[in-house]
Amino acid sequence: MLGIKRLGLLATLAVVGLAPAAAAEAAAQPSAQDTQYLQAVHQVNLAEIVTGNLAQKKGQNEQVKQLGQQFVTDHTQLDQTVQSTAQQLNVSLPSAPTADQQKVIDKLNGLNGAAFDKAWVTAELAGHVQAIQATQTEISQGSEQSVVQLAQDALPVLQAHYDALVALAQELGIPVPQTSASGTASPNGSGTPAPGGTTESPAPGGTTESPEPGGSTETPAPDNS
């Protein structure tokens, strides 16, 4: 009898010991913000890889071709981290760009030469403004450290893309999105859809009407610092 009681006590202690581990596992689940960012940035990457390949194929300007190639490389690498992080956190990722992103891709598919260059640079400018804003939002509001770290690593890459696009736009005489008092980009300066849609889109995780993540003007503008 004493042995049975002892076994019962050990079993009870084992169950109690599992409780904190289960609670810790539950606490590690990503927040809605983290989940939406992973899903949205994945769709950004999918769209950027497609439009980057289009730039290499259809662009007339050599810098457009080179930037397209760079975007494909960078967004492919970024998406590898996104997919790995999402898998670890059991977050399901979309299999294709958003409907609005696809509209932009379809539009670019119908253009060639200088017309393509102008449409591509304009769309990329707006898209990177929105992607930067969404990334800044994740950095400030995210709760899962691995996702926040991903955003912190992605921000300088996205900012470098944006800076290169601004320089190219100025060279080609293409309007650049309006800037805030601090000189950083604001999504209000262009009504041209980004590789995710229009500048009126809400933050990541919205409906198919939300093109690129971070499109809301309520989110912070990109920080060049």
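A polar contact is a pair of N or O atoms within 3.5 Å; within protein, one must be able to donate a hydrogen and the other to accept it. This criterion opens the tour of what is a predicted model.

**First selection: glutamine 43**

Select glutamine 43, which lies in helix α2, residues 32-58. Its side chain reaches the backbone oxygen of alanine 96 at 3.1 Å, so the pair falls within the 3.5 Å limit for a polar contact. Next, display the surroundings of glutamine 43: apart from neighbours within four places in sequence, the residues in contact with glutamine 43 are Pro94, Ala96, Pro97, Thr98 and Gln101. Glutamine 43 has a relative accessible area of 15% and is therefore buried, the threshold being under 20%.

**Second selection: helix α4**

One of those contacts, Gln101, leads into helix α4, residues 99-109. Colour Asp100, Gln101, Val104, Ile105 and Leu108, which are buried. Viewed around the axis, these residues span an arc of only 150°, and so they lie on the same side of α4. Now add α2 and α5 (113-141) to the display; the buried residues of α4 pack against both helices.

**Third selection: lysine 103 and aspartate 100**

How many salt bridges does a search of the whole structure find? The search finds one. To see it, show the side chains of lysine 103 and aspartate 100, which meet at 3.7 Å, N to O. The two residues are three places apart in helix α4 and are therefore separated by about one helical turn. An α-helix has 3.6 residues a turn, so residues three or four places apart point the same way. Is each partner buried or exposed? Lysine 103 is exposed, at 57% relative accessibility, whereas aspartate 100 is buried, with a relative accessible area of 14%.

**Fourth selection: helices α3 and α5**

Turn to helix α3, residues 62-88, together with α5; the two pack at an angle of about 35°, with their axes 11 Å apart. Their crossing is left-handed. To display the contact, select Val64, Leu67, Gly68, Phe71 and His75 on α3, and Phe116, Asp117, Trp120, Val121, Glu124 and His128 on α5.

**Last selection: leucine 89**

Finish at leucine 89, in the loop between α3 and α4. Leucine 89 has 12% relative accessibility and counts as buried. Draw a distance from its C-alpha atom to that of valine 147: the separation is 9.5 Å, although the two residues are 58 residues apart along the chain.

How values were computed: Residues numbered from 1 in each chain as written. Predicted model: local features only at pLDDT ≥ 70, side-chain atom pairs only at ≥ 80, totals over all residues. Heavy atoms only, no water. Helix = DSSP H or I, 4+ residues; strand = E, 2+ residues; numbered from the N terminus. Buried < 20%, exposed > 50% of the residue type's maximum accessible area, 1.4 Å probe, protein only. Contact = heavy atoms within 4.5 Å. Arc of directions from axis to C-beta. Salt bridge = Lys/Arg side-chain N within 4 Å of Asp/Glu carboxyl O. Axes fitted to C-alpha atoms, helices over the stretch in contact; angles between N-to-C directions. Left-handed = near helix turned anticlockwise from the far one by under 90°.
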